[in-house]
Each structure stands twice: as C-alpha cells, then as structure tokens.
Number of protein chains: 2
Amino acid sequence: MNKTYKGYLIDLDGTMYRGTERVEAASDFVKTLREKEIPHLFVTNNSSRRPSQVADKLNTFDIPAQPEQIYTTSMATASYIKAQKPGARVYAMGEEGLMHALEEAGLTLAEENCDYVVVGLDHELNYEKLTKACLNVRAGATFLSTNGDVAIPTERGMLPGNGSITSVVTVSTGVEPTFIGKPESIIMEQAMGAIGLNREDMLMVGDNYNTDILAGMNAEMDTLHVQTGVTTKEQLSQYSQQPTYTISTLHQWIPYL
Amino acid sequence: MNKTYKGYLIDLDGTMYRGTERVEAASDFVKTLREKEIPHLFVTNNSSRRPSQVADKLNTFDIPAQPEQIYTTSMATASYIKAQKPGARVYAMGEEGLMHALEEAGLTLAEENCDYVVVGLDHELNYEKLTKACLNVRAGATFLSTNGDVAIPTERGMLPGNGSITSVVTVSTGVEPTFIGKPESIIMEQAMGAIGLNREDMLMVGDNYNTDILAGMNAEMDTLHVQTGVTTKEQLSQYSQQPTYTISTLHQWIPYL
C-alpha cells in the first residue's frame with residue numbers, strides 16, 4: 001500500500017501533455033487533486049513563459065491550473081538570488097518569463113557591475129549578449145543558469161537547449177555556473193518552500209528520469225515516474241537508483257490521492 | 001649554433017603586432033626573410049578576414065606581405081574538406097573570410113543535407129544559425145571548428161572566442177568537433193603543404209605557448225618562441241615540453257636567417 005502524500009510537485013511536458021498533444025489521465029489526475037484540496041505546483045524548466053501563460057496552456061488541455069500553481073525555473077532563480085542578496089543587480093539573457101520573474105522579485109536588471117549573471121534560453125541571443133554575460137562573470141558576478149537541458153525536442157528536431165547556450169560562458173570564462181532547474185535540487189527546494197510542506201510529505205511526479213526523477217531524488221523527496229513521456233519502463237529499469245514508484249499512466253495513481 | 005631553416009611559419013598577434021601596436025623587430029625580421037628569399041607564411045587562427053585584408057594590416061606595420069603569404073584557419077578548413085570530399089555541401093557559421101575560403105575551394109554552401117558543419121567566429125551569430133549547425137550535425141554531417149580559442153583579448157576585456165561558441169553544438173549534440181586551427185596540427189600540415197617544404201626544414205614562430213608552440217610541436221616541427229606576446233619567459237619555463245628556441249625579440253634571430 002502506497003503512502004498518502006500531502007502535496008505534489010508535477011512536471012509538465014511528458015507528464016501533463018506532450019508538446020501539443022493530450023496526455024491521457026492528466027486532466028482527471030489534477031481534477032482529483034483539486035477536489036481533495038491537495039496542494040500542488042507545476043514545476044517546469046521552461047524559463048521563457050510567464051506563469052499565466054503556462055496556466056493557460058494547461059487549461060487548453062482541460063487541466064485546471066491557476067498562475068499561482070505554476071513554478072518556473074525563472075521564479076526559482078529569482079527567489080534564489082533574492083534570498084542571497086535582495087535587490088541585487090542582475091545581467092540576464094533570456095525571454096519574457098525570466099525578466100518578469102527577476103523584476104517581480106525586486107531585482108535590478110543591469111548590464112554591468114552586476115552581482116549575478118543568469119543565462120536562460122533566449123531565441124534572440126546574439127554575440128553582444130554573450131559578451132556581456134562573459135564580461136560580468138569575469139568581473140566576479142555569480143554565474144547562474146536556469147537549467148542545463150542540452151536539447152529541446154521540436155517538430156524540426158532537437159534544437160539547442162539552455163545548457164548548450166550556457167556553455168559559451170562556461171567555456172570562455174572557465175567558471176562553472178550553478179544550475180537552478182531540474183535535475184538540481186534548488187528548484188525543488190524553492191518549490192517546496194513556496195508550497196509550505198515538508199519534503200517527506202511531498203511527491204515529485206514526472207516522466208523524465210534525468211530531470212524530474214533525479215531532481216526529486218536530489219531533494220530527498222519520494223518520486224513517481226509516469227511512463228507517458230521521455231523515459232520508458234525499459235530504460236528506467238537500467239538505472240541503479242530507482243524512483244519510489246513507476247506507473248504506466250496517472251489513472252493508476254488516482255486511487256492513492 | 002642554430003640550424004638554418006629553409007622556410008618559416010609565422011604567427012600574427014603577439015608576434016608581428018599586438019592588436020593595433022607595433023612589435024619591435026617584426027618589420028626587420030620579415031624584410032630579411034624577403035631579401036634572402038626564404039619562403040614564409042603567416043599562419044592565423046583568425047577566420048573572419050580574407051587574406052588580402054590580413055596582408056593589408058601587416059603592411060600598415062611596415063611588414064611586407066602579399067595575400068598569397070597569408071594562411072588562415074578558414075583556408076586550412078576549406079583545404080581539409082576539399083581533400084576529403086571535393087565539392088562537399090557545407091553549412092558554415094562564420095564571417096567573410098570563412099565563406100570566401102570555402103567558396104574558393106569549390107565547396108557548396110548549404111543549409112541542410114550537408115556533409116560538413118563548420119563553426120567559425122561569427123559576430124552575427126543567432127539561435128537559428130546554431131540550430132542549423134546542430135540539426136546538420138545530428139543528421140550526420142562531419143563537425144569542424146576553425147579554432148578552439150576560448151576568449152579574444154580586446155579593449156573591452158576578454159570576449160567569447162570561437163571555442164566557446166563551438167561548445168553550443170558540442171554540448172547540444174554530444175558530438176566533438178575536429179578543430180583545425182592552432183594548437184592542432186591540421187593547420188600546420190596544410191600550411192606546410194602550401195609552402196611545399198618538409199617539416200624538418202621549417203620553423204614555427206610564435207608568442208603563445210598554448211597555440212603557436214603547441215601547434216608546431218604537434219606537427220613535429222622545430223619551434224621558436226618569442227617573448228613579445230602572451231607567454232612570458234617565466235611562464236614558458238614552467239612547461240615540461242619546451243620550444244626548440246626562445247628569444248626576447250625577433251632581432252635576435254635575424255643573424256640566423
């Protein structure tokens with residue numbers, strides 16, 4: 001018999017949907033969480049969009065979600081900086097979701113003399129932005145990256161992910177960044193802080209062993225692997241450290257809510 | 001007594017000039033090479049400029065140079081590809097000097113279904129260019145990089161070099177490139193081929209241990225370190241593998257020409 005958890009952290013792509021496609025059972029699963037008033041946050045390595053935009057996307061799949069239930073790596077990054085140095089000067093490469101999160105946290109976006117450099121995925125990246133990131137890191141700014149994903153699956157194929165863009169600054173300066181997003185524990189710690197529950201009462205749910213499940217393990221949480229996305233049951237079986245649970249679809253978990 | 005060499009490969013920045021500054025003795029050294037009709041090529045990791053532009057810059061320092069005496073890593077890259085697959089389809093990120101060299105070698109610049117991907121320094125880089133490089137490498141194109149320099153010294157500080165830009169593709173695809181420029185031996189082999197002399201009759205001259213001197217060593221050439229640029233005499237003494245010779249300025253070498 002499975003433990004009953006008081007709160008959930010839930011991955012998006014591969015768990016709630018697959019690109020533009022529904023994932024069976026995701027809607028029923030989240031509706032049951034709501035009915036039972038079980039706190040949950042959707043935790044994503046996507047730094048580009050604002051929480052309201054992510055919630056809107058979930059709603060199109062008939063998955064109930066409020067902006068307050070979205071926890072992006074941009075929010076985790078902003079929260080991490082704010083805890084270390086409120087009002088810090090930050091040079092950020094990234095899109096709307098990152099800039100919004102940094103400003104919401106009362107941080108100052110700046111181009112030089114920065115306390116932090118944050119690299120997030122930026123489809124408008126250019127040489128000058130990479131230069132500013134490098135110069136600030138060389139001048140002593142703390143180097144953060146929203147996430148280390150090396151590739152993004154799209155209809156065109158695997159496009160460069162933020163981890164690959166981040167490497168420009170790493171290789172050029174010789175300084176390693178602190179990554180915030182999954183599989184790092186930082187985003188998990190921040191999300192648990194936001195939900196206000198202890199780690200032993202929470203379950204991390206996701207499809208990708210190397211991001212979602214490792215993130216949960218790194219944060220010493222119990223983990224639920226769902227076989228609707230990246231990591232298949234067969235692939236999962238080859239890892240030495242196993243998630244707490246693995247299921248074929250979220251329907252199987254509804255009785256345990 | 002030093003050996004008499006029949007031909008010279010000569011580095012540019014730090015050896016012939018320093019940015020926009022003269023290097024003492026460089027002009028006299030090259031003029032003596034010309035008077036004695038000793039074949040020499042200027043070998044550079046700068047992929048951006050055409051040979052004629054590089055020769056023009058040398059001329060402004062009163063250093064005689066014809067475009068035919070300039071050997072850029074772009075030319076080495078083009079020559080390397082042509083030797084493997086004449087007329088190959090190449091997706092290239094880079095500037096005028098790279099595109100010109102590839103076209104001069106009869107290669108076809110293309111965006112997809114490419115045989116080769118070449119990453120060279122590109123001040124106009126963007127996400128779409130990096131995407132095309134990644135997609136072609138993932139589709140099986142051979143991955144080359146003009147050079148692995150991680151940073152470029154400028155008045156603003158150290159800017160991202162081509163090695164750091166190249167890492168986007170390396171990290172995203174998991175495929176390691178073949179670097180062409182110094183300190184790799186490939187550019188040395190191509191330059192020796194262009195000058196038509198045997199390696200035991202040639203001397204590689206440069207200021208930077210980690211590029212010029214290692215390139216010479218990797219190509220099993222004798223090397224002359226000149227203390228007018230990056231690597232000081234003190235720094236040099238700490239490497240276990242030493243150049244054949246080290247001198248404070250090129251004036252000291254003129255009697256041996």
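# Reasons behind the labels

UniProt, in an unreviewed entry, places the feature "active site" at A:D11 and A:D13. The structure discussed here is a predicted model.

Me: Which residues does UniProt list for "binding site"?
Reply: The unreviewed entry lists A:D11, A:D13 and A:D207. They are spread over 197 residues of sequence, yet they cluster in space, with a largest C-alpha distance of 8.2 Å. The annotations may be inferred rather than shown by experiment.

Me: Where in chain A are A:D11 and A:D13 found?
Reply: A:D11 is in the loop between β1 (7-10) and β2 (17-18) of chain A. A:D13 lies in the loop between β1 and β2 as well. A:D207 is found in the loop between β13 (202-206) and α8 (209-218) of chain A.

Me: Why is A:D11 called buried?
Reply: Buried means under 20% relative accessible area. A:D11 has 6%, so A:D11 counts as buried. For A:D207 the value is 1%, and therefore A:D207 counts as buried too.

Me: What makes A:D13 partly exposed?
Reply: The label belongs to values between the buried limit, under 20%, and the exposed limit, over 50%. A:D13 has a relative accessible area of 42%, so A:D13 is partly exposed.

Me: Which residues does A:D207 touch, not counting residues up to four places away in sequence?
Reply: Among them are A:D11, A:D13, A:G14, A:T15 and A:H225. With its neighbours within four places in sequence left aside, A:D13 is in contact with A:R18, A:G19 and A:D207. On the same basis, the contacts of A:D11 include A:M16, A:V43, A:K182 and A:D207.

Me: How do you know that A:D11 and A:T15 make a polar contact?
Reply: The rule asks for a pair of N or O atoms within 3.5 Å, one able to donate a hydrogen and the other to accept it. The side chains of A:D11 and A:T15 make such a contact, at 2.8 Å. A:D13 has a short-range partner to mention here: a polar atom of the A:D13 side chain lies 3.0 Å from the backbone nitrogen of A:G19.

Me: What makes the pair of A:D11 and A:K182 a salt bridge?
Reply: A salt bridge needs a side-chain nitrogen of Lys or Arg within 4 Å of a carboxyl oxygen of Asp or Glu. The N to O distance between the side chains of A:D11 and A:K182 is 2.8 Å, and they meet in a salt bridge. The pair links distant parts of the chain, 171 residues apart, with A:K182 in the loop between β12 (178-179) and α7 (185-195) of chain A. A:K182 has 2% relative accessibility, so A:K182 counts as buried.

Me: How many salt bridges are there over all chains?
Reply: By this rule the count comes to 24. One of them joins the side chains of B:E96 and B:R50, at 2.8 Å from N to O. B:E96 lies in helix α4 (residues 96-104) of chain B and B:R50 in the loop between β4 (40-44) and α2 (51-60), so the pair ties together parts that are 46 residues apart in sequence. B:E96 is partly exposed, with a relative accessible area of 39%, and B:R50 is partly exposed at 30%.

Me: Why are B:K132 and B:E128 separated by about one helical turn?
Reply: Because they are four residues apart in helix α5 (residues 127-138) of chain B. Their side chains meet in a salt bridge, with 3.6 Å from N to O. B:K132 is buried at 18%, whereas B:E128 is partly exposed at 31%. Salt bridges that share partners also join A:E111, A:E128, A:K132 and B:R156 into one network.

Me: Why does A:C134 form no disulfide?
Reply: A disulfide requires two cysteine sulfur atoms within 2.5 Å. The closest cysteine sulfur to that of A:C134 is in A:C114, 13 Å away, so it is too far for a bond. B:C114 is in no disulfide either, as the nearest cysteine sulfur, that of B:C134, is 13 Å away. Over all chains the structure holds zero disulfides.

Me: What relation holds between chain B and chain A?
Reply: Chain B can be laid on chain A by a turn of 180° and a shift of 0.0 Å along the axis, with an RMSD of 0.0 Å. That is the relation of a two-fold axis. B:N126 is the residue of chain B that comes closest to the rotation axis, at 2.6 Å (C-alpha).

Me: How do you know that the copies meet through the same surface?
Reply: 100% of the interface residues of chain B are also interface residues in chain A, so the copies meet through the same surface.

Technical notes:
Residues are numbered from 1 along each chain as its sequence is written. Chains are lettered from A and ligands numbered from 1 in the order in which they are written. This is a predicted model: local features need pLDDT of at least 70, side-chain atom pairs count only at pLDDT 80 or more; totals for chains, interfaces and linings use all residues. Side-chain values use heavy atoms; hydrogens and water are left out. Helices (H or I, at least four residues) and strands (E, at least two) are DSSP runs, numbered from the N terminus. Buried means under 20% relative accessible area, exposed over 50%, partly exposed in between (1.4 Å probe, protein chains only). Contact means heavy atoms within 4.5 Å. Copies are superposed by least squares on the C-alpha atoms of residues with pLDDT of at least 70 in both.
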